[in-house]
Amino acid sequence: GAYSPSIDQGGVGFVIVKEGVKIFSFSKMFKHTTNQRMELLAMIIALESIKTQANIKIITDSMYLVGTLTKNWKRKANLDLWSRLDKAIEKHLNVQLEWVKGHANDQFNEEADKLAFNASKQIS
């Protein structure tokens, strides 16, 4: 997820990888949002785009997602999206999260970040 406060616009981007090979990528721009909402929506849309039940590993540089889902951080905002995320997770066999440092040369994380950033700058 990415957010450009100067234009109050964000973007989501993700890459789906199977056995080390990219099989799908996605990005979309959203107006009047926040960075946290974009991080949540990226994970939600990624999970919702996988139509069959699966074991999934989400690799993200978002401490907001990792902390809330694995460290019991309180859900104080974006409750609509947290509810949607819970439903998306329930549709799969197992969903694991792995945190990676952003901009640290993780190929697919870098690609997802670029997709989200570019979407956040799109002119509508």
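A salt bridge is taken here as a side-chain nitrogen of Lys or Arg within 4 Å of a carboxyl oxygen of Asp or Glu. The structure is a predicted model, in which local features need pLDDT of at least 70 and side-chain atom pairs count only at pLDDT 80 or more, while totals for chains, interfaces and linings use all residues. Residues are numbered from 1 along each chain as its sequence is written, and side-chain values use heavy atoms, with hydrogens and water left out.

Five salt bridges are found in a search of the whole structure. In one of them, Lys-22 pairs with Glu-111, with 2.7 Å between the closest N and O atoms. Lys-22 belongs to strand S3 (residues 21-31) and Glu-111 to helix H4 (residues 107-120), so this pair ties together parts 89 residues apart in sequence. Helices (H or I, at least four residues) and strands (E, at least two) are DSSP runs, numbered from the N terminus. Both partners are partly exposed, Lys-22 with a relative accessible area of 39% and Glu-111 with 23%; buried means under 20%, exposed over 50%, and partly exposed in between (1.4 Å probe, protein chains only).

Helices H1 and H3 are joined by a salt bridge between Arg-84 in H3 and Glu-48 in H1, which are 36 residues apart; the N to O distance is 2.8 Å. Arg-37 and Asp-80 form a further salt bridge, the closest N and O atoms being 2.9 Å apart. This pair also links H1, which holds Arg-37, to H3, which holds Asp-80, across 43 residues. Arg-37 has a relative accessible area of 22% and Asp-80 one of 48%.

Arg-37 is also in contact (heavy atoms within 4.5 Å) with Asn-78, whose other contacts, leaving aside neighbours within four places in sequence, are Gln-36, Leu-40 and Tyr-64. Asn-78 lies in the loop between H2 and H3 and counts as buried, at 13% relative accessibility. Tyr-64 is among the buried residues of H2, together with Leu-65, Val-66, Gly-67 and Thr-68. These buried residues pack against H1, S4, H3 and strand S5 (94-99).

The largest nonpolar core (buried Ala, Val, Leu, Ile, Met, Phe, Trp, Tyr and Cys residues joined through side-chain atoms within 4.5 Å) has 22 residues, and Val-12, Leu-40 and Leu-85 are among those with the most contacts inside it. At least two core residues come from each of S2 (9-18), H1 (35-49), S4 (55-60), H2 (63-70) and H3 (79-90). H1 supplies the largest share, nine residues.
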